[in-house]
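Let's take a walk through this chain together, from the overall layout down to single side chains. Please have the viewer open and ready to rotate.

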Amino acid sequence: CVYSQDSAALGGSVGEMHARKIVRLYDMAMDMGVPVIGMMDSVGLRLQEGGDALWAFGTIFARQAKASGRIPQICAVLGPCGGGSAVMASLSDFTLMEKESGALFVNSPNVLDGNTAEKLDTSGWEYQAKQVGSVDFACDTEEELLNQLRILADLLPSDYEAGDTVFECTDDRN
């Protein structure tokens, strides 16, 4: 199951109805036992919706927590991913990030006194992958990211009950 947050549509912001669709997708994925893939390019919360948008993120986070350990959750960060959208990425099992345009941040990046992007870009792939550990795969281009995503998806079993990836290990324990 795949959902997207496209910056071309209201900046990719998440509001109540968008969240309801994502939550419904998670429910379907858990019923079928299949992975959820999020394509992220989002400014975060849809501010004009106020409390409803806050409820929206809380509901998504709760569903991601419920799905944890039951189905694989994969996130592809294709652009700036701010606020709650960054938390959604962090709650995923695997996160892929496009190096040039991808960014993960809960609040505006580099707001610490004396910090600049040139000094330390806390939202960039390098910091998120090497220091924070939120990014598992960093890719040079969007095409490379999508190819890596396909490879990762192919490695996963068809559903959580499938035994097609389980095999007896014959390695020497020593």
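Does D27 count as buried, partly exposed or exposed, and at what relative accessibility? This is a predicted model, and in it D27 has 27% relative accessibility, so D27 counts as partly exposed. Keep that residue in mind, as we will come back to its partner after a look at the whole chain.

The chain contains five helices and six strands. Following the sequence from start to end, you meet them in the order β-α-β-α-β-α-β-β-α-β-α. Of its 174 residues, 40% count as buried. Among contacts with a separation of 6 or more, 66% join residues 24 or more positions apart. On the outside, the chain exposes about 9800 Å², and carbon and sulfur atoms supply 52% of that area.

Now back to D27 and its partner. The structure holds two salt bridges, and one of them joins the side chains of D27 and R63, at 2.6 Å from N to O. D27 sits in helix α1 (residues 16-32) and R63 in helix α2 (residues 51-67), so this pair ties together parts that are 36 residues apart in sequence. R63 has a relative accessibility of 19%, so R63 counts as buried; the cut-off for buried is under 20%.

The salt bridge between D140 and K99 has an N to O distance of 3.2 Å. This pair also links distant parts of the chain, 41 residues apart: D140 is in the loop between β6 and α5, while K99 is in the loop between β4 and β5 (103-105). D140 is partly exposed at 48% relative accessible area, and K99 is partly exposed at 26%.

Helix α1 deserves a closer look. With 17 residues at 1.5 Å a residue, α1 should span 24 Å, and its end C-alpha atoms are indeed 24 Å apart. The buried residues of α1 are H18, A19, I22, V23, L25, Y26, A29 and M30. Looking down the axis of α1, you find these buried residues within an arc of 155 degrees, so they line one face of the helix. A general point helps here: an α-helix has 3.6 residues a turn, so residues three or four places apart point the same way. The buried residues of α1 pack against β1 (2-5), β2, α2, β3 and α3 (84-90). Turn to the face away from that buried side and you will see the exposed residues M17, K21 and D31. Just after α1, G33 takes a positive phi of about 75 degrees.

Helix α5 (residues 142-155) can be read in a similar way. Its 14 residues should span 20 Å, which agrees with the 20 Å between its end C-alpha atoms. L145, L149 and L152 are buried in α5, and the buried residues of α5 fall within an arc of 65 degrees seen down the axis, so they line one face of the helix. Their cover includes β2 (36-42), β3 (73-82), β4 and β6 (137-139). The face of α5 turned away from its buried side carries the exposed residues E143 and D154.

Let's finish inside strand β4 (residues 94-98), where T95 is found. T95 is buried, with a relative accessible area of 1%. Its side chain reaches the backbone oxygen of A89 at 3.0 Å. Leaving aside neighbours within four places in sequence, T95 is in contact with C75, V77, A89, S134, V135, D136 and F137.

Definitions and conventions
Residues are numbered from 1 along each chain as its sequence is written. This is a predicted model: local features need pLDDT of at least 70, side-chain atom pairs count only at pLDDT 80 or more; totals for chains, interfaces and linings use all residues. Side-chain values use heavy atoms; hydrogens and water are left out. Helices (H or I, at least four residues) and strands (E, at least two) are DSSP runs, numbered from the N terminus. Buried means under 20% relative accessible area, exposed over 50%, partly exposed in between (1.4 Å probe, protein chains only). A polar contact is a pair of N or O atoms within 3.5 Å; within protein, one must be able to donate a hydrogen and the other to accept it, and residues adjacent in sequence count only if both atoms are side-chain atoms. Contact means heavy atoms within 4.5 Å. The expected span of a helix is 1.5 Å times one less than its number of residues. The arc is that of the directions from the helix axis to the C-beta atoms. Accessible areas come from the Shrake-Rupley method with a 1.4 Å probe; for residues, only the protein chains shown count as cover. A salt bridge is a side-chain nitrogen of Lys or Arg within 4 Å of a carboxyl oxygen of Asp or Glu.
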